[in-house]
Amino acid sequence: MRNHSVVSEFILLGLSADSQIQALLFVLFLVVYLLTLMGNLLLLLVIRADSHLHTPMYFFLGQLSFLDLCHSSVSVPKLLENLLSEKKTISVKGCLAQVFFVFATGGTESCLLAVMAYDRYVAISSPLLYSQMMNRQLCIGLVWGSWSLAFLDALINILVALNLDFCEAQNIHHFSCELPSLYPLSCSDVSASFTALLCSSLLHFFGNFLLIFFSYVRILSTILSISSATGRSKAFSTCSSHLTAVIFFYGSGLLRYLMPNSGSTQELIFSLQYSVITPMLNPLIYSLKNREVKAAVRRILRKCV
């Protein structure tokens, strides 16, 4: 930060000022975080341990589980700390670091969901060529490409945000640091940072959303062309878990960033949804609605017994 930026830390006002409610919220979010860690780690273990799941679809699912662990761990530990602490502060550098990693992990998940939609399109439209088209080299390249694009996007936004000056205001009406929450606190021109955020959101998040949308248009067209009802049902069931994950992630994430920054209850709920709740739900969605994952769990349990 430049020398005339006199604020050295921010105050995260969080979800409630009532100490009793904070204690209840701490227990709630601690349970959610532990379930997130256990669920995603178990799904990673099952995918790695069972050879039947060594396919492109489950390779991407394993990457999504690892990403959910990272995304949740960026904001939840600080949230838990502040719920127990009277001094709910975070340094300016720490806040900007949190902004970077929220952006990077969220952007990677956006790319990965688009990649998974393309994977489902190839599996349904060209089942005989699926293993040839979605070979391991391509899958690894798509994952690395997702991480690289998201980190580049996050780096551009954070480099522009480093030019912001913070002179007096310290209170962030939120439980974590997000770029829109910092604009009201800045005493310098935020137009460059806002423009960078707007452009990256349009190109990155809406771009990936369009890829997912067009993939599902093609998937739906292919499913409707299947003559048997059983075949249509089986084809759609392979997409239902991914489609549910997309709705949870984009539904809350886009609404959060499209809303004006006001610290409203709805804004906090949308942020909690995509940064805290969705990483916990994803392994449940893919486990409860996926026969192959449930069968793999049963095989592993039988071996353990």
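**Figure 1. Residues 138-162 of the predicted model: the end C-alpha atoms lie 36 Å apart.** The model is predicted. The span is 96% helix and 0% strand. The UniProt record, an unreviewed entry, annotates residues 138-162 as a "transmembrane region". Ser 148 is found in helix 5, residues 136-161. Is Ser 148 buried, partly exposed or exposed? Ser 148 counts as partly exposed, because its relative accessibility is 45% and that class lies between 20% and 50%. Ser 148 and Leu 53 are 95 residues apart in sequence. In space, their C-alpha atoms are 26 Å apart.

**Figure 2. Residues 190-214, another span annotated "transmembrane region" in the unreviewed UniProt entry.** Here the chain is 96% helix and 0% strand. The end C-alpha atoms are 34 Å apart. The UniProt annotation also covers further spans, including residues 20-46, 96-118, 235-256 and 268-288.

**Figure 3. Helix 1, residues 19-49, with a nonpolar surface patch.** The 31 residues of helix 1 should span 45 Å at 1.5 Å a residue. The end C-alpha atoms are 44 Å apart, which agrees. The patch is formed by Leu 30, Leu 34, Met 38, Leu 42 and Leu 45. Together these residues have about 460 Å² of accessible area. Leu 45 lies in helix 1. Leu 45 counts as exposed because its relative accessibility is 52%, and the cut-off for exposed is over 50%. Which residues of helix 1 are buried? Among them are the aromatic residues Phe 26, Phe 29 and Tyr 33. Gln 22, Thr 36 and Asn 40 are buried too. So are Leu 25, Val 32, Leu 43, Val 46 and Ile 47.

**Figure 4. Helix 2, residues 56-84, and its bend at Ser 73.** The 29 residues of helix 2 should span 42 Å at 1.5 Å a residue. The end C-alpha atoms are 42 Å apart, which agrees. Helix 2 nevertheless bends by about 40° at Ser 73. A proline, Pro 77, follows within four residues. Helix 2 is mostly covered, with 21 of its 29 residues buried. Ser 72 is in helix 2. Ser 72 counts as buried because its relative accessibility is 1%, and buried means under 20%. Ser 72 and Cys 187 are 115 residues apart along the chain. Their C-alpha atoms are separated by 31 Å.

**Figure 5. The Lys 78 to Glu 81 salt bridge in helix 2.** How many salt bridges are counted in the model? The count comes to two. In this one, the closest N and O atoms of Lys 78 and Glu 81 are 3.5 Å apart. Both residues lie in helix 2. They are three residues apart, about one turn of the helix. Lys 78 has a relative accessible area of 16%, so it is buried. Glu 81 has a relative accessible area of 45%, so it is partly exposed.

**Figure 6. The Arg 120 to Asp 119 salt bridge.** The side chains of Arg 120 and Asp 119 meet at 3.0 Å, N to O. Is Arg 120 buried or exposed? Arg 120 is buried, and so is Asp 119.

**Figure 7. Helix 3, residues 92-125, with Phe 100.** The 34 residues of helix 3 should span 50 Å at 1.5 Å a residue. The end C-alpha atoms are 50 Å apart, which agrees. Helix 3 is mostly covered: 28 of its 34 residues are buried. Phe 100 is in helix 3. Phe 100 is buried because its relative accessible area is 14%, and the cut-off for buried is under 20%. Phe 100 and Leu 53 are 47 residues apart in sequence. Their C-alpha atoms are 33 Å apart in space.

Note on methods. Residues are numbered from 1 along each chain as its sequence is written. This is a predicted model: local features need pLDDT of at least 70, side-chain atom pairs count only at pLDDT 80 or more; totals for chains, interfaces and linings use all residues. Side-chain values use heavy atoms; hydrogens and water are left out. Helices (H or I, at least four residues) and strands (E, at least two) are DSSP runs, numbered from the N terminus. The expected span of a helix is 1.5 Å times one less than its number of residues. The bend at a residue is the angle between axes fitted to the seven residues ending there and the seven starting there. Buried means under 20% relative accessible area, exposed over 50%, partly exposed in between (1.4 Å probe, protein chains only). UniProt positions are given in the numbering used here, feature names are shortened, and annotations may be inferred rather than shown by experiment. Patches are made of residues with over 30% relative accessible area and no salt bridge: like charges are joined within 9 Å, nonpolar side chains (Val, Leu, Ile, Met, Phe, Trp, Tyr) within 5 Å. Accessible areas come from the Shrake-Rupley method with a 1.4 Å probe; for residues, only the protein chains shown count as cover. A salt bridge is a side-chain nitrogen of Lys or Arg within 4 Å of a carboxyl oxygen of Asp or Glu.
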